[in-house]
Amino acid sequence: MIAAEQDKNFNNFLKLIKQALPKKNILFDPLSLYSYANDASHYYLVPKLVLIVDEEVEIQSIFKSAKKYKIPLTIRAAGSSLSGQSITDSVLLVISWKWRKYKILNDGNEIELQAGVIGKDANYYLAKYQKKIGPDPSSLDFAKIGGIAANNASGMCCGVKNNSYHTLKNIRVIFNNGTILDTSDEVSIQDFKKTNKFICEKIIEIRKKILINNNIKEKIQNKYKIKNTVGYSLNSFLDFEDPIDIISHLMIGSEGTLGFISSITYKTIYEDPYKKAALCFFSDLRSAMEAVLILNDENISSLEFLDATSIKCAKKELSEFLSQEINTYEHCLLIIDLRDSSEMNLNQKILEINKKINRCQNVITYSQFYENDKYQKIMKIRKSILPIVQSQRKPNFLALLEDVAFPLESLPQGSFDLKELFKQHGFENSCLFGHAKDGNLHFILEMKFENENDKIKYEIFMKNLATLVIDKHNGSLKAEHGTGRNIAPFIEVEWGKEINDIMHEIKQILDPEIILNPDVILSSDKFIHTKNLKQITEIDIHLDKCNECGACERICPSYGLSLTPRQRIVSLRAMNFIQKNNKTKIYKNMFKHFKYYGSDTCAASGMCATVCPVGVDTGKVIKNWRIKHKSVFLSYIWNFLSQFHFMIHFFGKLYLKIKTSYHD
Ligand SMILES: Cc1cc2nc3c(=O)[nH]c(=O)nc-3n(C[C@H](O)[C@H](O)[C@H](O)COP(=O)(O)OP(=O)(O)OC[C@H]3O[C@@H](n4cnc5c(N)ncnc54)[C@H](O)[C@@H]3O)c2cc1C
Ligand code: SF4
């Protein structure tokens with residue numbers, strides 16, 4: 001499409017949107033756009049328009065208008081994705097605070113959750129039934145159900161068995177043509193089958209094609225024995241016969257490319273009340289990974305691995321668990337997490353593990369099994385490893401995270417090969433950690449993307465990584481963080497041509513105009529992973545550590561009213577960059593808006609620092625900003641109030657409500 005036509009289409013789209021959404025939910029001033037330009041990944045795209053969506057009918061209108069004018073749309077829940085799937089340079093649909101309804105069903109055995117419910121809250125509602133949802137990403141405290149399901153996110157205990165795909169009971173979806181399918185409602189199913197007969201028939205055709213081809217069938221079966229979020233959930237074609245079941249399971253892991261998930265009903269998981277964890281240190285990487293093969297069985301809830309670099313980065317947090325013998329240059333750690341419904345059974349499990357530890361080679365030291373506070377502390381450290389390591393990157397460098405899985409028998413050699421690959425590419429400070437029980441390893445590389453050579457270095461690394469993981473070890477290039485932009489060019493490498501074609505057919509059936517999250521999962525651009533890479537500039541000693549993960553957003557009193565701490569930081573970084581690049585008009589506009597949205601409406605209580613994994617206190621930065629920009633009177637008031645954390649929520653909310661109604 002030529003630029004003039006694109007502009008005309010965009011303007012026509014905007015006209016329709018203005019009739020469908022309240023004015024305050026349509027954002028296109030530079031501050032709003034730049035504050036949504038990131039997710040937690042190494043990609044950066046500034047949207048043209050941000051739409052805050054409150055209701056299903058709004059989404060139906062937006063989809064229909066986008067289809068008419070071929071406007072790309074990206075859905076965003078908490079924006080904590082790590083592969084660039086919740087950002088866009090087109091239109092961003094942000095799920096508002098209103099999507100938080102839930103219903104406990106069948107005595108806590110099932111829970112219906114709207115797309116905007118935070119994962120941790122779902123577990124809070126289920127706690128009195130001794131239940132939890134299956135998916136357990138480390139980001140559960142801030143990620144939302146829509147994003148968790150659309151990424152098929154998993155974590156320490158989830159494995160393959162308890163992810164969204166396997167614990168899905170029902171789903172309510174809005175498709176690109178505005179149709180709603182609610183699988184909990186027989187009338188909705190029959191309506192969908194009638195009005196979308198073509199879609200159902202095509203899905204059945206694909207199923208037949210898969211079933212008559214043994215190579216394809218076997219490949220799909222094998223690929224899903226380990227964690228795998230590369231491409232669409234093709235196992236649905238083997239696991240189900242009915243097109244409705246296939247479509248609903250295809251939505252899991254579809255990363256906003258096939259439709260909008262409005263709500264999900266999960267089958268819940270029993271939450272063991274007794275939990276203990278021990279730390280076992282090994283002399284080297286290979287010994288630790290070989291121990292995984294000895295220790296691993298269904299009695300273990302999780303077996304978390306940290307390499308020497310991860311231990312070194314988390315030295316402060318781990319200090320009370322580190323003994324003299326530990327050398328943070330080569331020793332590796334396995335955290336052995338055991339859970340059970342009775343204390344007696346749990347102690348029996350410990351006895352069995354102790355016997356197995358005796359068979360492991362090169363154990364340096366093995367701690368007791370900790371419970372209660374110490375158990376929680378160990379788990380918190382493990383969950384925070386990513387931001388802890390990221391915060392210690394060199395100035396101006398990004399900490400780039402990748403996520404692969406090996407079949408368990410390949411784990412010792414695979415992890416060794418990964419370390420060699422990092423050395424070959426000059427990533428000496430790389431660190432490796434992850435869910436060893438599932439052969440799922442994450443690694444962090446320090447990178448910067450300032451020139452063409454940086455990009456080429458990255459491109460070659462990714463190519464070699466794909467060869468190592470897929471060709472040599474038959475693993476998955478993405479285990480739990482979704483395909484996104486980073487892995488989109490490798491779908492065919494992972495799955496082969498025939499299956500790659502099937503993925504494109506699925507997209508063609510459900511989103512023929514390619515309006516939903518283009519370049520995510522499937523892209524015609526073989527180099528999409530090397531484009532729109534984030535650049536980090538140093539701006540303030542307090543906030544340079546921020547890696548834009550989004551953990552601080554939910555606790556902020558101004559969430560939903562003005563900017564969140566992460567958005568304040570992202571905006572300050574953008575303003576700094578824009579000012580340096582002499583874009584004075586944009587800078588002035590952003591500065592004017594920042595005064596109200598960034599500064600005046602920040603409670604500056606430091607609440608955000610209490611949940612930030614690396615302790616970034618955005619309030620402190622804003623206080624400094626006020627002084628620098630002479631909002632002295634307000635600074636005094638806020639500085640005084642911020643000393644009373646228990647009062648700040650009350651005053652903060654009251655102030656923001658008054659200011660906002662005045663502003664509106
Ligand atoms: C510190 C940290 C730790 C993490 N740990 C883990 C981990 O252990 N395991 C793991 O799997 N991931 C992890 N992640 C990645 C990420 O948090 C998860 O994948 C999470 O599930 C994303 O949820 P979100 O609400 O942020 O979704 P977003 O990032 O907003 O969106 C995710 C995807 O879903 C789509 N989407 C969102 N809502 C909808 C909807 N209603 N309908 C259709 N599509 C939708 C988006 O378009 C996007 O493609 C981590 C991230 C961080 C920053
Ligand atoms: S301030 Fe902390 S919690 Fe917030 S985005 Fe930055 S690193 Fe994450």
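**Ligand 1 and the domains around it**

Ligand 1 is surrounded by 36 residues, of which Ile-75, Ser-80, Ser-81, Ser-139 and Ser-154 come nearest. The model described here is predicted. Because domain 1 (1-271) and domain 2 (274-481) both give residues to the shell around ligand 1, the ligand lies between these two domains.

**Polar contacts of the ligand**

- The side chain of Ser-81 has an N or O atom 2.7 Å from an oxygen atom of ligand 1.
- Lys-144 approaches through its backbone, with an N or O atom 2.8 Å from an oxygen atom of ligand 1.
- Ser-154 also uses a backbone N or O atom, which lies 2.6 Å from a nitrogen atom of ligand 1.
- On its own, ligand 1 has 970 Å² of accessible area, and the protein covers 98% of it.

**Make-up of the shell**

- Sorted by class, the shell contains 17 nonpolar, 15 polar and four charged residues.
- At least two shell residues come from each of strand E3 (73-76), helix H5 (145-150), strand E10 (260-267) and helix H17 (385-391).
- Helix H5 gives the largest share, four residues.

**Domains and their contact**

- The domain assignment divides the chain into domain 1 (1-271), domain 2 (274-481) and domain 3 (537-629).
- Between the C-alpha centres of domain 2 and domain 3 the distance is 33 Å.
- Eight residues of domain 2 and nine residues of domain 3 take part in their contact.
- About 650 Å² is buried between domain 2 and domain 3, with 51% of it on carbon and sulfur atoms.
- Of the area that domain 2 buries against domain 3, Pro-387, Ser-391 and Arg-393 supply 55%, more than any other three residues.

Key:
Residues are numbered from 1 along each chain as its sequence is written. Chains are lettered from A and ligands numbered from 1 in the order in which they are written. This is a predicted model: local features need pLDDT of at least 70, side-chain atom pairs count only at pLDDT 80 or more; totals for chains, interfaces and linings use all residues. Side-chain values use heavy atoms; hydrogens and water are left out. A residue is near a molecule or strand if one of its heavy atoms lies within 4 Å of it. A polar contact is a pair of N or O atoms within 3.5 Å; within protein, one must be able to donate a hydrogen and the other to accept it, and residues adjacent in sequence count only if both atoms are side-chain atoms. Accessible areas come from the Shrake-Rupley method with a 1.4 Å probe; for residues, only the protein chains shown count as cover. Ala, Val, Leu, Ile, Met, Phe, Trp, Tyr, Cys and Pro count as nonpolar, Asp, Glu, Lys and Arg as charged, and the others, Gly among them, as polar. Domain bounds come from an automatic or database domain assignment. Contact means heavy atoms within 4.5 Å. Buried area is the accessible area (1.4 Å probe) that two parts lose on being put together, summed over both.
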